[in-house]
Amino acid sequence: METKDEEETAMVLEEEIYFSSQDIAKEFVKLLKDLGISTQMRQKFSLDIRLMLSGTYTNLTTMFESLITADDATEEEVELFTQTRDHLKSQRDVISQAFQRYNIGDRVGSGVMDLITGDRTLEGDESEDALEAIIEEVYLTRLLHLNELLEVGENGLTLSKKIEPDAAVLTIFADEIPAIMDEVLEKFQIQSIITAGDDGEWHVSIGPEFVFLDDLTSIGEFLEEYEIDEEEGAAFFPRIQIKHLLVSEILGMIKDGGKVSREDIIGEFADRDIETHEDESQIALHLSAGYIGAVLDDLKKAGILKGKDQKLRIAV
């Protein structure tokens with residue numbers, strides 16, 4: 001019975017989107033409230049668990065050379081192992097070039113520290129070249145920090161010592177390459193490390209009221225203006241568009257018929273092409289009877305529909 005109650009209270013017309021920024025999430029909530037849409041915002045933490053391989057440049061590249069030339073290596077494995085070996089060389093070269101550029105005691109990553117202290121911002125006419133240089137500094141300082149080659153002092157980060165670039169410890173994500181046997185890792189003195197970090201995001205739950213808006217332009221413009229995560233925005237906005245259009249078509253059918261049965265509505269919309277009003281494109285619906293029925297239940301909960309299943313009518 002508890003499961004049934006939970007299913008009855010769940011609303012398929014509700015939606016949810018997440019933001020990496022709390023400020024943007026709050027702005028989105030404000031927009032929705034101004035549009036008369038109920039919202040609920042909550043913070044959610046998740047663990048980001050990755051498997052990493054760590055070893056010296058020499059040991060890592062020697063291992064990948066052996067994997068590339070192995071008789072049983074597939075074409076895909078050879079390609080991925082080669083890409084990884086080349087990436088390791090680029091990391092090694094970054095360290096080598098840093099040793100040529102800096103002497104022990106020199107300040108490293110000045111742009112990064114200036115950003116942290118507020119002595120410099122990236123606003124105004126900051127060039128893309130300057131931003132790219134700072135990103136490269138972040139990459140370099142990460143590599144030097146990994147090898148314990150930096151000290152933090154009054155002048156910021158300074159180079160504390162130098163090592164042979166081939167002896168530099170480097171890391172790669174193991175989940176981005178084919179699996180490597182433990183005995184191979186042990187042979188080349190490569191350490192396997194599981195890293196765990198928390199990732200916080202803000203979820204905004206959206207009530208079903210959006211399906212009754214005249215249009216969704218302001219919501220679409222917000223998502224575009226704030227450059228919401230491409231994958232998240234690309235999935236969220238089409239979902240609310242289709243639900244918006246589906247409800248509009250269902251209500252239109254009931255309005256034209258006066259009273260329409262639940263069975264007829266499900267039969268009409270479970271498998272149907274709907275023409276959009278904006279660009280005359282078509283949306284092919286392949287929705288289950290259960291889904292269409294849940295939409296009708298939501299409309300009844302919202303007070304939009306009333307009547308028994310055989311005679312559903314618009315209540316407002």
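## Exercises on helix packing and aromatic rings

Tyr226 is partly exposed, since its relative accessible area is 30%. The exercises below concern a predicted model, in which the chain has 11 helices and 10 strands and in which 37% of the 316 residues count as buried.

**Exercise 1.** Determine how helix H2 (residues 22-34) and helix H8 (residues 217-225) are oriented relative to one another, and state which residues make the contact.

*Solution.* Begin with the axes of the two helices, which come within 11 Å and cross at roughly 170°. Angles over 145 degrees count as roughly antiparallel, and therefore H2 is roughly antiparallel to H8. Next, look at the residues that touch: H2 contributes Ile24, Glu27, Phe28, Leu31 and Leu32, while H8 contributes Ser218, Ile219, Phe222 and Leu223. Finally, sort the residues of this contact by character, which gives 7 nonpolar, 1 polar and 1 charged.

**Exercise 2.** Classify the geometry of the ring pair Phe28 and Phe236, and say where in the chain the two partners lie.

*Solution.* A pair of aromatic rings is described by the distance of the centres and the angle of the planes. The whole structure holds 5 aromatic pairs. In the pair of Phe28 with Phe236, the ring centres are 6.3 Å apart and the planes stand at 75°, so the arrangement is edge-to-face. The partners come from distant parts of the chain, because Phe28 belongs to helix H2 and Phe236 to helix H9 (residues 230-257), with their positions 208 residues apart. As for accessibility, Phe28 is buried at a relative accessible area of 0%, and Phe236 is likewise counted as buried, at 1%.

**Exercise 3.** Describe the pair formed by Phe222 and Tyr226, and find the aromatic cluster to which these residues belong.

*Solution.* The rings of Phe222 and Tyr226 lie 4.4 Å apart, centre to centre, with 35° between their planes, and this pair is tilted. The accessibility of each partner can then be read separately: Phe222 is buried, with a relative accessible area of 7%, whereas Tyr226 is partly exposed at 30%. Putting the rings together, one aromatic cluster is formed by Phe19, Phe28, Phe222, Tyr226 and Phe236.

**Exercise 4.** Decide whether Lys26 and Val247 are buried or partly exposed, and trace which residues far along the chain are placed beside them in the model.

*Solution.* Lys26 lies in helix H2 and counts as partly exposed, because its relative accessibility is 44%. Its C-alpha atom is separated by 8.9 Å from that of Val204, although the two residues are 178 residues apart along the chain. Val247, in turn, is found in helix H9 and counts as buried, because its relative accessibility is 0%. The C-alpha atoms of Val247 and Val211, which are 36 residues apart along the chain, are separated by 6.6 Å. If neighbours within four places in sequence are left aside, Val247 is in contact with Leu13, Val211, Phe212, Val295 and Leu299. For the chain as a whole, among contacts with a separation of 6 or more, 74% are made by residues 24 or more positions apart.

**Exercise 5.** Find the ring over whose face Arg50 lies, and give the distance from the ring centre.

*Solution.* The ring is that of Phe173, and Arg50 lies over its face at 3.9 Å from the ring centre.

How values were computed
Residues are numbered from 1 along each chain as its sequence is written. This is a predicted model: local features need pLDDT of at least 70, side-chain atom pairs count only at pLDDT 80 or more; totals for chains, interfaces and linings use all residues. Side-chain values use heavy atoms; hydrogens and water are left out. Axes are lines fitted to C-alpha atoms, for helices over the stretch in contact, and angles run from 0 to 180 degrees between N-to-C directions. Helices (H or I, at least four residues) and strands (E, at least two) are DSSP runs, numbered from the N terminus. Angles under 35 degrees count as roughly parallel, over 145 as roughly antiparallel, 65 to 115 as roughly perpendicular and the rest as oblique. Contact means heavy atoms within 4.5 Å. Ala, Val, Leu, Ile, Met, Phe, Trp, Tyr, Cys and Pro count as nonpolar, Asp, Glu, Lys and Arg as charged, and the others, Gly among them, as polar. Rings of Phe, Tyr and Trp (its six-membered ring) pair if their centres lie within 6.5 Å; planes under 30 degrees apart count as stacked, over 60 as edge-to-face and the rest as tilted. Buried means under 20% relative accessible area, exposed over 50%, partly exposed in between (1.4 Å probe, protein chains only). A charge sits over a ring if NZ of Lys or CZ of Arg is within 6 Å of the ring centre and within 35 degrees of the ring normal.
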